[in-house]
Structures are given as C-alpha cells and as structure tokens.
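This report describes the fold of one chain, going from its overall make-up to its helices, their packing and a single residue.

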Amino acid sequence: MKFLHCLAAATALLAMGHLHAQEAEPGVQRERIKAERAAVEARFSEEQKACRAKFAVTDCMRAVTRERNARLAELRLQENALADTQRRLREEKRQRDQSERQAQKERDEQQRRERAAGESREREERAAALEKKRAAEAASPPQPQAAKAPKGPSGPQGSPRARSLPDKSSGPTPEEAARNRRDYEQRLREAEAHKAEVRARIARRSKPAASALPVPATPASGS
C-alpha cells in the first residue's frame, strides 16, 4: 500500500510538470491524462482486492476510494486547465491573424496611393514639358528663306529673261527687315506671355487655391 501511495505522488508531480511545460502539444497532454486516469482506475482495482484480504475491509475501501476520487478530480482540473489554454491560444492566434490582415490591407492601400500620386506627377510633368516645347517653338525667330530666281524662257544666249529683274538674293529690303523685326518682337512678347501663363497654371496645380478677395467697388463717374 505504501509503495502505491509513493507511486501516485510521483505520478502527480510528473503530471503537473507536464501540464506547465509550454512545449507540450495539446494532443500529447490529453493522451497523458487519459493514460493516468486508466492507471488510477487500475490501481483502485488492485487496492480493492488488497482491502478484501484485510480485517477492516470497510475502512480500507473508504480510504482507497477517497484517494481514487481525489486523483480523478486532479485529472479533471488538468483537463479544464488544458481546455482553457487551448481557448486562449486560439484567441491569440485569431487576434494575430486579424492584425496581420489589417496591416496587409494598410500596406496595399499605401501602395495604391503612392502609385496614384506617381501617375499624377508623371501626367503633370508631361503636360509641363509639352507646354514648354510649344512656348519655345513660338518664341523661335523665323528662318529666312533663300529667294529663288524666277524661271522664264531662255533668251538668245540661254540666259533667263528675268535676269533684268532686280536680284533679291542679296537680302531683304530695309522695309522688309523692319517688318520682320516687328513680327519677331511681337512673337517674342506672345511667347513670354504664354510662358508666364504656363508657369501660373503649374503653380495653381501645386498650391491650394487662395480664397477670393472682394473686388473693390468702382466709384461711380459723375453724370
């Protein structure tokens, strides 16, 4: 009987150590509890047989029964603790999965915003480059074209009849040069105005629009 008591105590200590071991799998824990319950029942059966051979059978049976019930109650506590641990682990895993999904969703949204901002910048840069090119083309002075000699029927010596006309290949007349200069300056002013409009348009895209100021009232002219 004393040997059986020592064996039960050693088994209980070993069971508690297994219960608190973090690396133990839930399935292994359940199998261990199941095996220990079967061992308790087998031990109880052996102790009952030993009690029947004694004079005080009733007192012996009560003692072994109390020991059996206490051991089974301890195993039930271990089962409940194992179930609580499993529920806690499942809840922690659920929360981790939810946090990971939320973090992934935020990363995807951030990447989407960055792509949209990059595409918007590219469109603005292309538009600005196109406006700049158009302004440069409008500001460039016209290229003078070489005057071509008029064609006509050949004379007696094979020279063109139009040779008697004044030769304009030497350059434009002073009046034409002045007119070309005025046209060039006009196109230059228009190009500068166009570039200023482009810069103002780009500035309006990159800065928030200022609140409209009240228009000062125009004093009424006397009748």
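Buried residues account for 13% of the 223 residues in the chain, and the model from which this value is computed is a predicted one. The accessible surface of the chain amounts to about 18300 Å², with 56% of that area belonging to carbon and sulfur atoms. The chain has four helices and zero strands, so that, read from the N terminus on, its elements follow the order α-α-α-α. Among contacts between residues at least 6 apart in sequence, 71% join residues at least 24 apart.

Two of the helices can be checked for the agreement between expected and actual span, as the table sets out.

| Helix | Residues | Number of residues | Expected span at 1.5 Å a residue | Distance between end C-alpha atoms |
|---|---|---|---|---|
| α2 | 26-52 | 27 residues | 39 Å | 39 Å |
| α3 | 57-139 | 83 residues | 123 Å | 123 Å |

For α2, the distance between the end C-alpha atoms agrees with the expected span, and for α3 the two values agree as well.

The packing of the helices comes next. Two packed helices are described by the angle between their axes and the distance between the axes. The axes of α2 and α3 come within 9 Å and cross at roughly 175 degrees, which makes α2 roughly antiparallel to α3, because angles over 145 degrees count as such. By class, the residues in this contact of α2 with α3 comprise 13 nonpolar, five polar and 13 charged.

The axes of α3 and α4 (residues 174-206) are 8 Å apart, and the two helices pack at an angle of about 170 degrees, which means that α3 is roughly antiparallel to α4. On the α3 side, the contact is made by E124, A127, A128, E131, A135, A138 and A139, while the α4 side contributes residues including Y184, L188, A191, V198 and I202. The residues of the contact of α3 with α4 divide into 10 nonpolar, one polar and six charged.

Burial can be followed along the same helices. In α2, the buried residues include I33, V40, F44 and C51, together with R32, E36, R43 and E47. In α3, C60, V64, L72, L75 and L82 are among the buried residues, as are R71 and Q86. Of the α3 residues that contact α4, E131, A135 and A139 are also buried.

Which residues does R30 touch, not counting residues up to four places away in sequence? R30 lies in α2 and touches L82, A83 and Q86, of which L82 and Q86 are buried residues of α3. The C-alpha atoms of R30 and E79 are separated by 7.3 Å, although these residues are 49 residues apart along the chain. With a relative accessible area of 39%, R30 is partly exposed, because that value falls between the 20% and 50% cut-offs.

Note on methods
Residues are numbered from 1 along each chain as its sequence is written. This is a predicted model: local features need pLDDT of at least 70, side-chain atom pairs count only at pLDDT 80 or more; totals for chains, interfaces and linings use all residues. Side-chain values use heavy atoms; hydrogens and water are left out. The expected span of a helix is 1.5 Å times one less than its number of residues. Buried means under 20% relative accessible area, exposed over 50%, partly exposed in between (1.4 Å probe, protein chains only). Contact means heavy atoms within 4.5 Å. Accessible areas come from the Shrake-Rupley method with a 1.4 Å probe; for residues, only the protein chains shown count as cover. Axes are lines fitted to C-alpha atoms, for helices over the stretch in contact, and angles run from 0 to 180 degrees between N-to-C directions. Angles under 35 degrees count as roughly parallel, over 145 as roughly antiparallel, 65 to 115 as roughly perpendicular and the rest as oblique. Ala, Val, Leu, Ile, Met, Phe, Trp, Tyr, Cys and Pro count as nonpolar, Asp, Glu, Lys and Arg as charged, and the others, Gly among them, as polar.
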